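Colleague: I'm new to this one. Can you walk me through it?
Modeller: Sure, here it is.

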Amino acid sequence: MRLQQKTALVTGAAQGIGASTARRFAQEGAQVVLTDVLESGAAVAQEIRDAGGHAEFYRADISKSAEVQALIHFTVERYGALHVICNVAGINIPGSVLDLDEAIWDRTFEVNVKSMFLTAKYGIPEIKKAGGGSIINTGSANSLVAEPLLSAYVASKGGILMLTKQMALDFAKDNIRVNCVCPGWVDTTINDAHHDLFGGRAVLEQMIEEVQPIGRVIRPEEIADVNLFLASDESSSMTGSAIVCDGGITAK
Ligand SMILES: NC(=O)c1ccc[n+]([C@@H]2O[C@H](COP(=O)([O-])OP(=O)(O)OC[C@H]3O[C@@H](n4cnc5c(N)ncnc54)[C@H](O)[C@@H]3O)[C@@H](O)[C@H]2O)c1
């Protein structure tokens, strides 16, 4: 029960890493608000409640200021405080700078980076009131190393890591830690378009050891465990860090 009496907000919680993180936080006693643009997040919250946990779903587009403000308001009204923000929501639309539409560049930065500015801007005053807490921003191995044909995504993930370090400096004195989780290839639907760049998933699986040295895809639950560590007091000495959970990709 590492998150007992803590309230956690998890974005992108309808599926993938976000849903696994919400489940894991609830198993450890947290009261969890799940948010996503997909209404199917409501079923994940219901599943958590059916298992005896505390969870609510609130639909929001986390790139929109008014929706994030309403989300934070809902969280504090429902559970009385906010201690943890786990920013998981993200999009990945491939393209070199020549191919990519300007609108996709802007949307990538709104969803992947501006959302973290917004949840911090409106969430940190509440975390301060609670006496401190933990913010976890989801970067990527692409926060550290680039990759062909992912111009907007790689740039956004690099920005997330530096925003994390910057926020860690500003809020250390408030007992608010800010860290960046950098996963490798995790088995979720965000990668469908990415797989096509390599000739399809089957081709990628054949060359898995070349792509990811552990020789397999990472399960969303494995990243949820890293998020749990960062949300809990077990990581109390860590702020401004990139926590690399990439199956060895960046070791090469
Ligand atoms: N899967 C991987 O291999 C991998 C690797 C490195 C980093 N990541 C990062 O992990 C995070 C989670 O991705 P995932 O793998 O679980 O993929 P996913 O596509 O299953 O989950 C992303 C979720 O974000 C939600 N979302 C998108 N735009 C939103 C918005 N504007 N407002 C609210 N919610 C929105 C989606 O609806 C979806 O539920 C992303 O930030 C991604 O970049 C994933």
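Colleague: Is strand β5 enclosed or open, and why?
Modeller: Six of the six residues of β5 (residues 133–138) are buried, so this strand is largely enclosed by the rest of the structure. Buried means under 20% relative accessible area, with a 1.4 Å probe and protein chains only. Strands are DSSP E runs of at least two residues, helices H or I runs of at least four, numbered from the N terminus.
Colleague: What can I trust here?
Modeller: This is a predicted model, so local features need pLDDT of at least 70 and side-chain atom pairs 80 or more, while totals for chains, interfaces and linings use all residues. Residues are numbered from 1 along each chain as its sequence is written, and side-chain values use heavy atoms, without hydrogens and water.
Colleague: Which residues of β5 are on each side?
Modeller: G133, I135 and N137 sit on one side, and S134, I136 and T138 on the other. Both faces are covered.
Colleague: How many bridges join β4 to β5?
Modeller: Four, and the strands run parallel. Strands pair if DSSP finds at least two bridges between them. V84 has S134 as its bridge partner in β5.
Colleague: And how many join β5 to β6?
Modeller: Six bridges, again with parallel strands. T138 stands opposite V181 in β6.
Colleague: New topic. Which residues does the lining of the largest pocket have, by class?
Modeller: That lining has 21 nonpolar, 16 polar and seven charged residues. Nonpolar covers Ala, Val, Leu, Ile, Met, Phe, Trp, Tyr, Cys and Pro; charged covers Asp, Glu, Lys and Arg; the others, Gly among them, are polar. A pocket is an open set of points on a 1 Å grid over the protein atoms alone, where a 1.4 Å probe fits, with protein on both sides within 12 Å along at least five of seven lines; lining residues have an atom within 4 Å of a point.

How values were computed
Buried < 20%, exposed > 50% of the residue type's maximum accessible area, 1.4 Å probe, protein only.
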